[in-house]
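Keep the 3D view open while you read. The walk starts at a strand and ends at a pocket.

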Amino acid sequence: MHINSKDNPRVKLFRKLLSSKKAREEHGLFAVEGARNCVDTAYEAVCGRIKVHSVFYTQTALTKYKNTLKTDSLFSCTRPEDVFEISDELAKKMTDEGNSQGIYMIVFKVDLPFVTEYIDKNGKYLVLDNLQDPGNLGTLLRTADAVGVSGVVMTDNCVDLYNPKVVRSAMGSTTRLDLFVVDNFLNVATLFDELGIVTNAAVVRDGENITEFDFDRPCAVVIGNEGKGLPREHSDICKNRVTISMHGNIESLNAACAGTIILWEMFRGGSHG
């Protein structure tokens, strides 16, 4: 099917999802931009992990990416009547980015209920509390995906998981991970405690050095706000406190950097004595 007008209802929906958290919440949908991001997302839909609402593509994009990306998945990830060819001109109007790659999608939200049946009792989790920068969240989702976490839990005061900047910087990891958005940090700590998953608060100082900490058990690492870190009452709820030992005059690291270092250490196994 062809769409040529920016007033088409599906195009208008895409634009609304791109710009409005309220629209994303109302519809239970989010927007995905970019050739690789969309093709990776389509593949996850073909595998049955997620559901796709709409696909938009230009012939120019198909020609450009057919040899480097598995663009066939764009046509098999949803019903044929939900796949639309658009003009290059319309493709430029659909994005706020400087240059359009000519492939877009609308996808059903992917986060899961934070309940026992979706939690791996033997797993390792990343918990993010009041993280505000979209780039940090996207980077941490990619890192979590790369090391193989069992899931990522976000408190609902974090930046919106479906913010287009998060989705872009996560580069497909949004649809590959088990993701949870929880309204209260105490609920996160309580359920993990009930399941025997040890919570470890990442703090700037006075925690156990991560290179000496034993991560070789079901556990979760909790990372707080970029500027303020974890609230004391939240770090106190956690079973342990862990710190990245630093040299020189550096006081703390960017949240994405710190999270990446801790996740690497967590999956490397830490020190087992």
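Start with strand β9, residues 198-202, in this predicted model. Three bridges join β9 to strand β12, residues 240-243, and the two strands run parallel. To find the register, look at Asn 200: it stands opposite Asn 240 in β12.

β9 also pairs with strand β11, residues 219-223. Four bridges join these two, again in parallel. Here Ala 201 of β9 has Val 222 of β11 as its bridge partner.

Is β9 buried or exposed? Five of its five residues are buried, that is, under 20% relative accessible area. The strand is therefore largely enclosed by the rest of the structure. Check each face in turn. Val 198, Asn 200 and Ala 202 are buried on one side. Thr 199 and Ala 201 are buried on the other. Both faces of β9 are thus covered.

Next, turn to helix α9, residues 185-194. Phe 185, Val 188, Ala 189, Leu 191 and Phe 192 are buried in this helix. Seen down the axis of α9, these buried residues fall within an arc of 170°, so they line one face of the helix. The spacing fits a general rule. An α-helix has 3.6 residues a turn, so residues three or four places apart point the same way.

What do the buried residues of α9 pack against? Their contacts include β9 and β11, the pair described above. They also pack against β6 (124-128), β7 (151-155), β8 (179-182) and helix α10 (232-237).

Now look for enclosed space. A search of the whole structure finds one cavity of 30 Å³ or more. Its volume is about 40 Å³. The lining consists of Phe 30, Val 32, Asn 37, Thr 41, Val 167, Gly 172, Thr 174 and Thr 175. Two elements, β2 (29-33) and α3, each give two or more residues to this lining. By class, the cavity lining has three nonpolar residues, five polar and no charged.

Helix α3 comes up again at the second largest pocket. This pocket has a volume of about 220 Å³. Its lining comprises 13 residues. Glu 33, Gly 34, Glu 97, Gln 101 and Arg 168 lie nearest its centre. Helix α3, residues 35-46, gives the most to the lining, with three residues. Which classes make up this lining? Three residues are nonpolar, six are polar and four are charged. Set that beside the cavity, whose lining has no charged residues.

Conventions:
Residues numbered from 1 in each chain as written. Predicted model: local features only at pLDDT ≥ 70, side-chain atom pairs only at ≥ 80, totals over all residues. Heavy atoms only, no water. 1 Å grid on protein atoms, 1.4 Å probe; cavity = no way out; pocket = protein on both sides within 12 Å on 5 of 7 lines; lining within 4 Å. Points joined across faces, edges and corners; volume = space filled by probe spheres on them. Nonpolar A, V, L, I, M, F, W, Y, C, P; charged D, E, K, R; others polar. Buried < 20%, exposed > 50% of the residue type's maximum accessible area, 1.4 Å probe, protein only. Pairing = 2+ DSSP bridges. Arc of directions from axis to C-beta. Contact = heavy atoms within 4.5 Å.
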